[in-house]
Amino acid sequence: MSLQEWQNNGWLVPHQTSPQEIADLLAVVDRDLADAQTPRLSADWRLNIAYNAALQAATAALAAAGCRASREAHHFRVLQSLRFTIRLEENAIRELEQFRKKRNIGGYERAGAVSDQEAAEMLLLAQKLRRAVVNWLKSAYPQLVPSGD
């Protein structure tokens with residue numbers, strides 16, 4: 001599959017981004033990466049915040065590629081699109097999917113479902129993803145890279 005095939009299926013819609021949109025999305029990523037390190041928060045919430053950082057980094061990559069996800073299975077599509085945008089390895093995508101499911105349990109079904117170690121692992125993955133997205137932007141879409149990155 002490809003992003004174009006996903007558009008043909010209605011899973012993505014064309015989107016014109018701007019340097020400001022990418023900067024704003026990366027600012028959300030940076031805020032969430034900082035907030036996910038707040039020790040007084042529960043592990044459930046720290047994982048949730050780090051997951052959102054990863055989701056917004058993936059959203060920035062998808063926007064740079066000229067797309068945005070439709071509402072149906074939005075998070076799933078945004079994360080899966082990383083295989084087409086930054087060419088993220090399958091193991092990392094599987095890990096993001098596991099954390100997406102874990103986040104849903106901890107956020108909607110049961111408190112205490114996330115360990116401190118899982119929250120720390122999600123944070124590390126989100127930090128790596130941000131770096132990978134910025135590096136990809138620098139090579140594929142340098143005009144979209146915010147100053148300071």
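Begin by selecting Gln7, which is found in helix H1, spanning residues 3-8. The structure on display is a predicted model, and every stop below refers to that model.

**Stop 1: Gln7 and its surroundings**

With Gln7 selected, colour the residue by accessibility. Its relative accessibility is 22%, so Gln7 counts as partly exposed. Next, display the residues around the side chain and backbone of Gln7. Apart from residues up to four places away in sequence, Gln7 touches Leu12, Pro14, Gly66 and Cys67. A distance drawn between the C-alpha atoms of Gln7 and Ala69 reads 9.0 Å, although 62 residues separate the two along the chain.

**Stop 2: Gly66**

Move the selection to Gly66, one of the residues that Gln7 touches. Gly66 lies in the loop between H3 and strand E2, the strand covering residues 67-69. What backbone angle does Gly66 take just after H3? Gly66 has a positive phi of about 90° there. Is Gly66 buried, partly exposed or exposed? Its relative accessibility of 22% places Gly66 among the partly exposed residues.

Show the contacts of Gly66 as well. Beyond its neighbours within four places in sequence, Gly66 is in contact with Gln7, Val13, Pro14 and His15. For a further reference point, join the C-alpha atoms of Gly66 and Leu12: they are 9.7 Å apart, with these positions 54 residues apart in chain numbering.

**Stop 3: helix H3 and Gln56**

Step back along the chain from Gly66 and select H3, which comprises residues 43-64. H3 has 22 residues, and the distance from its first C-alpha to its last is 32 Å, close to the 32 Å expected at 1.5 Å a residue. Colouring H3 by accessibility shows a mostly covered helix, with 19 of its 22 residues buried.

Within H3, select Gln56. Which class does Gln56 fall into, buried or exposed? Gln56 counts as buried because its relative accessibility is 16%, and the cut-off for that class is under 20%. Setting aside neighbours within four places in sequence, the contacts of Gln56 are Leu25, Val28 and Val29. Ile22 may be added to the view: its C-alpha atom is 9.7 Å from that of Gln56, and the two residues are 34 apart along the chain.

**Stop 4: the largest nonpolar core**

Keep Ile22 selected and extend the view to the nonpolar core around it. The largest nonpolar core has 49 residues, and those with the most contacts inside it are Ile22, Ile86, Leu88, Leu96, Met122, Leu129 and Leu137. Two or more residues come from each of H1, helix H2 (19-35), H3, E2, helix H4 (74-80), H5 and H6. H3 gives the most to this core, with 15 residues.

Centre next on Ile86. Not counting residues up to four places away in sequence, Ile86 touches Ala61, Leu129, Ala132, Val133 and Trp136.

**Stop 5: helix H6 and the largest pocket**

Select helix H6, residues 116-140. Its 25 residues should span 36 Å at 1.5 Å a residue, and the end C-alpha atoms are 36 Å apart, so the span agrees with expectation. The buried residues of H6 include Ala119, Met122, Leu123, Leu125, Ala126, Leu129, Arg130, Val133, Val134, Trp136 and Leu137.

Now display the largest pocket, whose volume is about 150 Å³. Its lining is formed by Leu88, Ala92, Glu95, Leu96, Glu121, Leu124, Leu125, Lys128, Leu129 and Ala132. Helix H5 (90-109) and H6 each supply at least two of these residues. Which element gives the most to the lining of the largest pocket? H6 does, with six residues. Coloured by residue class, the lining divides into seven nonpolar and three charged residues, with no polar ones.

**Stop 6: two loop residues with positive phi**

Finish with two loop positions. Select Ala73 in the loop between E2 and H4. Ala73 is not a glycine, yet its phi is positive, at about 55°. With a relative accessible area of 36%, Ala73 is partly exposed.

Then select Arg87, found in the loop between H4 and H5. Arg87 also has a positive phi, of about 60°, although it is not a glycine. Its relative accessible area is 62%, so Arg87 is exposed.

How values were computed: Residues are numbered from 1 along each chain as its sequence is written. This is a predicted model: local features need pLDDT of at least 70, side-chain atom pairs count only at pLDDT 80 or more; totals for chains, interfaces and linings use all residues. Side-chain values use heavy atoms; hydrogens and water are left out. Helices (H or I, at least four residues) and strands (E, at least two) are DSSP runs, numbered from the N terminus. Buried means under 20% relative accessible area, exposed over 50%, partly exposed in between (1.4 Å probe, protein chains only). Contact means heavy atoms within 4.5 Å. The expected span of a helix is 1.5 Å times one less than its number of residues. On a 1 Å grid over the protein atoms alone, a cavity is a set of points where a 1.4 Å probe fits but cannot get out, and a pocket is an open set with protein on both sides within 12 Å along at least five of seven lines; lining residues have an atom within 4 Å of a point. Grid points are joined across faces, edges and corners, and a volume is the space filled by probe spheres set on the points. Ala, Val, Leu, Ile, Met, Phe, Trp, Tyr, Cys and Pro count as nonpolar, Asp, Glu, Lys and Arg as charged, and the others, Gly among them, as polar. A nonpolar core is a set of buried Ala, Val, Leu, Ile, Met, Phe, Trp, Tyr and Cys residues joined through side-chain atoms within 4.5 Å.
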